[in-house]
Amino acid sequence: MSPESKKLFNIVILGVAFMFMFTAFQTCGNVAQTVIRSLNSTDFHGSGYTSMAIIYGVFSASNLITPSVVAIVGPQLSMFASGLFYSMYIAVFIQPFTWSFYTASVFIGIAAAESDRRTVFIALTVISLVGTVLFFLIRKPDSENILGEDESSDDQDMEMNESAQNNMTKAVDAFKKSLKLCVTKEMLLLSVTTAYTGLELTFFSGVYGTCIGAINRFGTEEKSLIGLSGIFIGIGEILGGSLFGLLSKNNRFGRNPVVLLGILVHFIAFYLIFLNMPGDAPIAPVEGTNSNAYIRSSKEVAILCSFLLGLGDSCFNTQLLSILGFLYSEDSAPAFAIFKFVQSICAAVAFFYSNYLLLHWQLLVMVVFGFFGTISFFTVEWDAAAIVARGSDYRSI
């Protein structure tokens, strides 16, 4: 197999493996609070919001040490171990206990009827495990420096030791660069935007589906609408990612219009959700809520808002990744580590307060952060445009 074919093969395997893993995990996260709420009448007592807060809290902290771990054990084994933790978390739902549920939430950060519930989560666990096993199909790239026949085994051992030391040095350097980047003007401004993406990630991936499933006015279809909501969030993400990600190279207007579109789409979605959903929907009991919204709760409006949430999220993520790649093209690893750190911290905080805040307060928090996050992004983008004016190739990202 040629080096080019091997790279393409690895990309395909990674894509399929992550598709299996995160199809299972995102589905699990989307219904976690609804499923757990139905179990709290038994010996099990837990919260899907708290579980996801633990996951993203540990995930944010682990971003600081992940480069060192990968440097020691290698990327393939690291991804396999992470996949096992994802699968373990999903498997806990088959027969949940409070201690195992929250313990699994910690480990994963480092990486209806009773029979129906077990069947669903057994299937999701198998899907996640299939994706995990696929990591072993990744082919190692050919070594650029082929050893001569006259080289001794001592020379080979020396080169291996030097390579391990270099990996550790790179990991330490990346950690130091991350700390230095945290206090730069551009990163501080982008952190406000990143914080917003963490808050809205929490809302559309965990809270909104719970709200839909809690509205008794939707009748017997309330629980099935959670899955349909997740599908339309995904459609919005795919459409936005394809449109704004692929076309950004030829966008002579820059990134600001896409971010502006994203925040407008989200504000429309938030307003419709505010009108369409009862305020106590995120924290409703297992029986659901019969409270009235400002308008008669509509299934069609709820699904439309799911699509808008996914579309707006893709606007922000494609442009954030783009501008990070442009500003830190030579030191991208520390920059993206900070991005995931801030996003995960804010997601953890949002999942925590989702246990207590009514819907309209959660929407207000996102509106405030969305407004200032957009202004912050505009400021950094204008500075990036000034860099382009001095001769850099802005559209070659």
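Which residue's side chain does K185 meet in a salt bridge? In this predicted model, the partner is D383, with an N to O distance of 3.6 Å. K185 belongs to helix α8, which spans residues 185–214, while D383 belongs to helix α13, residues 359–389. The contact therefore ties together parts of the chain that are 198 residues apart in sequence. D383 counts as partly exposed, because its relative accessibility is 29%, and the partly exposed class lies between 20% and 50%.

As general background, side chains of opposite charge can pair when their charged atoms come close.

I turn now to the total. By the rule applied here, the count comes to two salt bridges. The other pair to report is E381 with R255, whose closest N and O atoms are 2.8 Å apart. E381 sits in helix α13, and R255 sits in the loop between α9 (224–247) and α10 (256–276). This pair links distant parts of the chain, 126 residues apart. Are E381 and R255 buried or exposed? Both residues are buried.

Finally, I should like to consider L308. This residue lies in helix α11, residues 299–327. Its relative accessibility is 12%, so L308 counts as buried, the cut-off for that class being under 20%. Which residues does L308 touch, once those up to four places away in sequence are set aside? They are V265, H266, I268, A269 and L272. As for F267, its C-alpha lies 9.4 Å from that of L308, and the two residues are 41 residues apart in sequence.

Terms used
Residues numbered from 1 in each chain as written. Predicted model: local features only at pLDDT ≥ 70, side-chain atom pairs only at ≥ 80, totals over all residues. Heavy atoms only, no water. Salt bridge = Lys/Arg side-chain N within 4 Å of Asp/Glu carboxyl O. Helix = DSSP H or I, 4+ residues; strand = E, 2+ residues; numbered from the N terminus. Buried < 20%, exposed > 50% of the residue type's maximum accessible area, 1.4 Å probe, protein only. Contact = heavy atoms within 4.5 Å.
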